[in-house]
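Work through the exercises below with the sequence and the model at hand. Each task is followed by its solution.

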Amino acid sequence: MDLSNATGQLNPESIGRKARVAVRWQFLAKGSSTGLQMITGIILARLLMPEDFGIVAMATMVTGLAGIFRELGLGQALVQRKELKPIHISSAFWGTLLMGIMLCGVIIVGAPYVGAFFNEPRMTPVLQIISLSFLISPFGVVPRSLFDLCLGRH
């Protein structure tokens with residue numbers, strides 16, 4: 001979308017419209033994410049015993065720490081590029097997928113050691129199952145970045 005008028009100056013109405021659309025989408029995305037997290041937490045709290053809920057919390061803490069490296073900043077790099085080519089999109093997808101596979105593998109192999117560190121052997125299978133999310137999340141990085149690019153969030 002071109003935000004300039006015929007004289008090459010920025011068009012304030014166009015910028016304002018894009019900003020309003022971006023704020024709505026951001027509010028919807030964050031609101032739905034927070035709502036789903038709350039619902040998941042409530043369901044888990046009802047289904048699990050308090051000590052089991054603690055195991056899930058410890059496992060989530062470990063995967064959350066590993067999640068820092070999940071995207072490698074490749075999604076943000078797509079949005080920041082002045083000229084986006086198919087090779088950039090492909091590289092971002094495969095890079096995040098490979099990182100997801102590596103993180104999943106490291107967590108699956110390291111889960112028994114993490115369980116021993118926390119002195120909680122029941123944490124091992126929980127951590128291994130939660131680590132599978134690293135195989136799913138890379139499939140959303142590129143589409144989300146392209147969507148952000150379309151909305152002008154860069």
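The exercises concern a helix pair, a residue in one of its helices, and a loop residue.

The model is predicted: local features need pLDDT of at least 70, side-chain atom pairs count only at pLDDT 80 or more, and totals for chains, interfaces and linings use all residues. Residues are numbered from 1 along each chain as its sequence is written, and side-chain values use heavy atoms, with hydrogens and water left out.

**Exercise 1.** Classify the packing of H2 and H5 by angle.

Solution. Helices are DSSP runs of H or I with at least four residues, numbered from the N terminus. The axes, lines fitted to C-alpha atoms over the stretch in contact, are 9 Å apart for H2 (residues 50-66) and H5 (residues 123-130), at an angle of about 45°. Angles under 35 degrees count as roughly parallel, over 145 as roughly antiparallel, 65 to 115 as roughly perpendicular and the rest as oblique. H2 and H5 are therefore oblique to each other.

**Exercise 2.** State which residues of H5 meet H2.

Solution. Met123, Val126, Leu127 and Ile130 in H5 meet residues of H2, among them Ile55 and Val62. By class, this contact has 9 nonpolar, 2 polar and no charged residues.

**Exercise 3.** Decide whether threonine 124 is buried or exposed.

Solution. Threonine 124 lies in H5. Buried means under 20% relative accessible area, exposed over 50%, partly exposed in between (1.4 Å probe, protein chains only). With a value of 14%, threonine 124 is buried. Beyond its neighbours within four places in sequence, threonine 124 is in contact (heavy atoms within 4.5 Å) with Ala111, Pro112 and Gly115.

**Exercise 4.** Give the sign of phi for asparagine 119.

Solution. Asparagine 119 is in the loop between H4 (86-117) and H5. Its phi is near 55°, a positive value. Most residues other than glycine have a negative phi. At 67% relative accessibility, asparagine 119 is exposed.

Key. Axes fitted to C-alpha atoms, helices over the stretch in contact; angles between N-to-C directions. Helix = DSSP H or I, 4+ residues; strand = E, 2+ residues; numbered from the N terminus. Nonpolar A, V, L, I, M, F, W, Y, C, P; charged D, E, K, R; others polar.
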